[in-house]
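Biologist: Before we discuss this protein, may I ask you to justify each term as you use it? I should like to see how a value leads to a conclusion.

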Amino acid sequence: MALWPVHSDRELSPAAPVLGPRERISRPLAFALGLQHVAAISFAGLLVPKLTGMPVSTTLLFSGIGTLLFLVLAGNQVPGYLGPSYAFLGPLAAFSQDGVAAQLGGVLAAGLLLTALGIAVKALGIRFLESLLPPVVTGAIVLLVGMSVTPVSVVFVIGQPVLTVITVLAILLVMLLGRGVVRRFAVLIGLLISWLAALPLGGLSAEATAAVSEAPWFGLPVFNTPVVHPNVVVAAIPAVVVLAAEYVAHIKAVSAVTGRNLDGRVGDAVIAGGLTSVVAGLSGGAPVTNSLGNLGVLAASKVYATAPCAIGGVVVAALAFCPKFTAALASVPYGVVAGASIVVAGMIVRIALRIWRMSGVVLAAPVTLVLLIIAVVGGSSVLPLVFGDLRINGPVWGAVAILAGYPVLDGVRRAAVRVRTRAAARTSAGPR
C-alpha cells in the first residue's frame, strides 16, 4: 500500500461516510471493492461486444489496461475505472456488417482525436475545456448517459421480467437495510442473489452452462488489426465529444463528493482515455471511457479510494486470458444485467443532479430546462438519425445538441438580459 501514503484508521461506517482517493483501506476490503468494480464493468463488457460484434476478451483486456494507465497518468489522485463506452454503440453497431477491422478503424481515429484534445487541455489549461463544458453542460451529459442505459435495459426486461425485478429489489434492499460494509457492497451482493435466484427459475440456459464447462481456463484474447474506412471514422467522431464530456463530468463529480479540486487532472484523464482507445483500436478492443456505471458503484460504496480501482483493473486484465470467465460472463441472465443496469442508471442520474446542485445551477432556468429536455429525450431515444450510411444514435446526437445548443441558448439569454437592462435604464432615466 505504499502508493497510498495517507494512513487512515477510520472504518467503513456511517461516522466516515466518504473515503478520499488517497486514503488507505484494508487489503481484504480493497480487494472486495475491486471485485465490485469488476462486476459493474462486466455489464458494459458483455453488452458492448454483444451489440457491436467485437470480442469480449479483448474488450476486457483494454478496460483493465486503460484503468491502470488512467490511475498512473492522474497521479493516483483520481478514482476511476475505464470501461467500454456506450457512446460508440450506435456508430459501431451501424457498421458491424463491415467487420471488426472496419470498426477498429473508427476506434483508432477516435482515440487519436481524443488524445490530441487531452494534449490541448494539458497545454492550455482546464479553462479551455471548461469554456466548452461548463457545469450545466457536464451535468446534462451525465444525465444523458444515465438515461441512455435505460432503453438497452428495457429490451432485456421483456425477456426476463421476474429476474429484473428480483435484481432491482435485492440491490435496493441491501442499500436500504444494510449497514456499514454490507451496504457498500449492495451492487455485488444484489447481483449474486439474483444470479442464484436464476437457477430455480430457469434463467440459466443449458447452452450457456455447457459453454462454461467446456471453456478452457487459459487462452489468449482475440486480436484484430484495423482497416480505416472514412464512413466509420466520420460516424465515430461525434462520440469523441461524448467521451471528453464524460471525463470532465467524472472528475467534477469526484471533486464534488470528496471536496478536492481535481481540475488539473482533466487533461491527464482525457490523454489516458485517448491512448487506451488508440491501443485498443490497433489490437481489437472497444473504445473506453470513465465508466459512469463504476462511478455509480463509487457513489453506492462511498469509497473513493484508488486502490480498489487498481485492483479491479488488474483482475479484469487477467480475466481476459481466461475463456472460462468470459463464458461465465456470457451466461449471466439478461434479466439480471437489466436490473443492475437500471439501478446503476438511477445512481448516474443522481450524480448529474449533484453536479448541478454543487455548481449552483438553477434548474428552473430556461436554458437548463432545455438541456434537461434534450438529455432525457436523447438518452431515452431509440430512434437514430440516419444520413445515408451514417447512423447516429440518441446519446450521440443528444450530446452534440447539448454542446452545440448551449452556447446559442446562453448567447440569446445574455442578449435578452442586455436588452432588458437597457430598457430599464431608459425608463428610470425618464424623458429628456
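Biologist: How do you know that the span of helix H4 agrees with the expected one?

Modeller: Helix H4 comprises the 25 residues 100-124, and at 1.5 Å a residue these should span 36 Å; the end C-alpha atoms are 36 Å apart, so the two values agree. The expected span of a helix is 1.5 Å times one less than its number of residues. Just after H4, Gly125 takes a positive phi of about 100°.

Biologist: On what basis do these statements rest, and what counts as a helix?

Modeller: This is a predicted model, in which local features need pLDDT of at least 70 and side-chain atom pairs count only at pLDDT 80 or more, while totals for chains, interfaces and linings use all residues. Residues are numbered from 1 along each chain as its sequence is written, and side-chain values use heavy atoms, with hydrogens and water left out. Helices (H or I, at least four residues) and strands (E, at least two) are DSSP runs, numbered from the N terminus. By that definition the protein has 18 helices and four strands.

Biologist: What makes Ser277 buried or exposed?

Modeller: Buried means under 20% relative accessible area, exposed over 50%, and partly exposed in between, with a 1.4 Å probe and protein chains only. Ser277 has a relative accessible area of 2%, and is therefore buried. Ser277 is found in helix H12 (residues 266-283). Of the 432 residues of the protein, 55% count as buried.

Biologist: Which residues does Ser277 contact, and what does contact mean?

Modeller: Contact means heavy atoms within 4.5 Å. Leaving aside neighbours within four places in sequence, Ser277 is in contact with Val107, Gly111, Pro287 and Val288. For the protein, residues 24 or more positions apart account for 84% of the contacts with a separation of 6 or more.

Biologist: Why is H12 called mostly covered?

Modeller: In H12, 15 of the 18 residues are buried. As to its span, those 18 residues should cover 26 Å at 1.5 Å a residue, and the end C-alpha atoms are 26 Å apart, which agrees. H12 is followed by Gly284, whose phi is positive, near 125°.

Biologist: Why does Arg357 count as exposed?

Modeller: The relative accessibility of Arg357 is 57%, so this residue counts as exposed. Arg357 is found in helix H16 (residues 334-358). The C-alpha atoms of Arg357 and Val136 are separated by 9.7 Å, although the two are 221 residues apart along the chain.

Biologist: What makes Leu35 and Phe31 partly exposed?

Modeller: Leu35 has a relative accessible area of 32%, and is therefore partly exposed. Phe31, at 44% relative accessibility, also counts as partly exposed. Leu35 lies in helix H1 (residues 27-52), and Phe31 has its place in H1 too. From C-alpha to C-alpha, Leu35 is 7.9 Å from Ile311, with their positions 276 residues apart in sequence. Phe31 touches Ile311 and Val315, not counting residues up to four places away in sequence.

Biologist: Why are H2 and H15 called roughly perpendicular?

Modeller: The axes of helix H2 (residues 56-73) and helix H15 (residues 323-330) come within 10 Å and cross at roughly 105°. Axes are lines fitted to C-alpha atoms, for helices over the stretch in contact, and angles run from 0 to 180 degrees between N-to-C directions. Angles under 35 degrees count as roughly parallel, over 145 as roughly antiparallel, 65 to 115 as roughly perpendicular and the rest as oblique. H2 and H15 are therefore roughly perpendicular to each other.

Biologist: Which residues of H2 and H15 meet?

Modeller: Val56, Ser57 and Leu60 in H2 meet Phe325, Thr326 and Leu329 in H15. By class, this contact has four nonpolar, two polar and no charged residues. Ala, Val, Leu, Ile, Met, Phe, Trp, Tyr, Cys and Pro count as nonpolar, Asp, Glu, Lys and Arg as charged, and the others, Gly among them, as polar.

Biologist: How do you know on which side of H17 its buried residues lie?

Modeller: The buried residues of H17 are Val367, Thr368, Leu371, Ile374, Ala375, Gly378 and Gly379. They cover an arc of only 125° around the axis, which puts them on the same side of H17. The arc is that of the directions from the helix axis to the C-beta atoms.
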